[in-house]
Amino acid sequence: MYDVAARGGGEWTQGEDSMNGTVAQMTKEELREMIEASIEQKLLEILGDPDEGLEIRESVRDRLLRQREAVAAGERGQPFDDVVQQLGLG
């Protein structure tokens, strides 16, 4: 992800590496990531984190921990197309 820096001249930095360059030197993917990061940063500034300060229920926490362990073990959920078909959305 790219951190947007107000440095003038269209310069950008990448994380802590401080890799400098101009927009003209960026790949399409780098530019896309920079724009996404800029939008996300601005939205967080404007809207803040709506969940900040809220507590998570123990049952939800446990489910999330089990899900993280399952993904780390290589398990995956149902394919998207199967879910769409099950819900009658396709």
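Just after helix 1, Gly48 takes a positive phi of about 70°. The model that shows this residue is a predicted one. In this model the protein has three helices and zero strands, and its order along the sequence reads α-α-α. This briefing covers the overall build, helix 1, its nonpolar patch and the salt bridges.

**Overall build**

- The protein has 90 residues, of which 13% count as buried.
- Among contacts with a separation of 6 or more, 24% join residues that are 24 or more positions apart.
- The exposed area of the protein is about 7,900 Å², and 52% of that area comes from carbon and sulfur atoms.

**Helix 1: length and sides**

- Helix 1 covers residues 28-47.
- At 1.5 Å a residue, its 20 residues should span 28 Å, and the distance of 28 Å between the end C-alpha atoms agrees with this.
- Glu30, Met34 and Ala37 are the buried residues of helix 1.
- These buried residues lie on the same side of helix 1, because they cover an arc of only 65° around the axis.
- Lys28, Ile46 and Leu47 are exposed on the other side of helix 1.

**Nonpolar surface patch**

- Ile35, Ile39, Leu43, Ile46 and Leu47 make a nonpolar surface patch of about 520 Å².
- Two members of this patch, Ile46 and Leu47, are among the exposed residues of helix 1 named above.
- Leu43, another member of the patch, also lies in helix 1.
- Leu43 has a relative accessibility of 44% and therefore counts as partly exposed, since this value falls between the limits of 20% for buried and 50% for exposed.

**Salt bridges in helix 1**

- The count for the protein comes to four salt bridges.
- Side chains of opposite charge can pair when their charged atoms come close.
- Glu29 and Arg32 meet through their side chains in a salt bridge, with an N to O distance of 2.3 Å.
- Both Glu29 and Arg32 belong to helix 1, where they are three residues apart, about one turn of the helix.
- Glu29 is partly exposed, at a relative accessible area of 39%, and Arg32 is likewise partly exposed, at 36%.
- A network of salt bridges links Glu29 and Arg32 with Glu36.
- Lys42 forms a salt bridge with Glu45, and their closest N and O atoms are 2.9 Å apart.
- Lys42 and Glu45 also lie three residues apart in helix 1, about one turn of the helix.
- An α-helix has 3.6 residues a turn, so residues three or four places apart point the same way.
- Lys42 counts as partly exposed, with a relative accessibility of 44%.

**Salt bridge between Arg61 and Asp62**

- The side chains of Arg61 and Asp62 meet in a salt bridge with an N to O distance of 3.6 Å.
- This pair meets the distance rule because 3.6 Å is within the cut-off of 4 Å.
- Asp62 is partly exposed, at 29% relative accessibility.
- Arg61 is partly exposed as well, with a relative accessible area of 43%.

Technical notes: Residues numbered from 1 in each chain as written. Predicted model: local features only at pLDDT ≥ 70, side-chain atom pairs only at ≥ 80, totals over all residues. Heavy atoms only, no water. Helix = DSSP H or I, 4+ residues; strand = E, 2+ residues; numbered from the N terminus. Buried < 20%, exposed > 50% of the residue type's maximum accessible area, 1.4 Å probe, protein only. Contact = heavy atoms within 4.5 Å. Areas by Shrake-Rupley, 256 points an atom, 1.4 Å probe, with all protein chains shown as cover. Patch = residues over 30% accessible without salt bridge, like charges linked within 9 Å, V, L, I, M, F, W, Y side chains within 5 Å. Expected span 1.5 Å × (residues − 1). Arc of directions from axis to C-beta.
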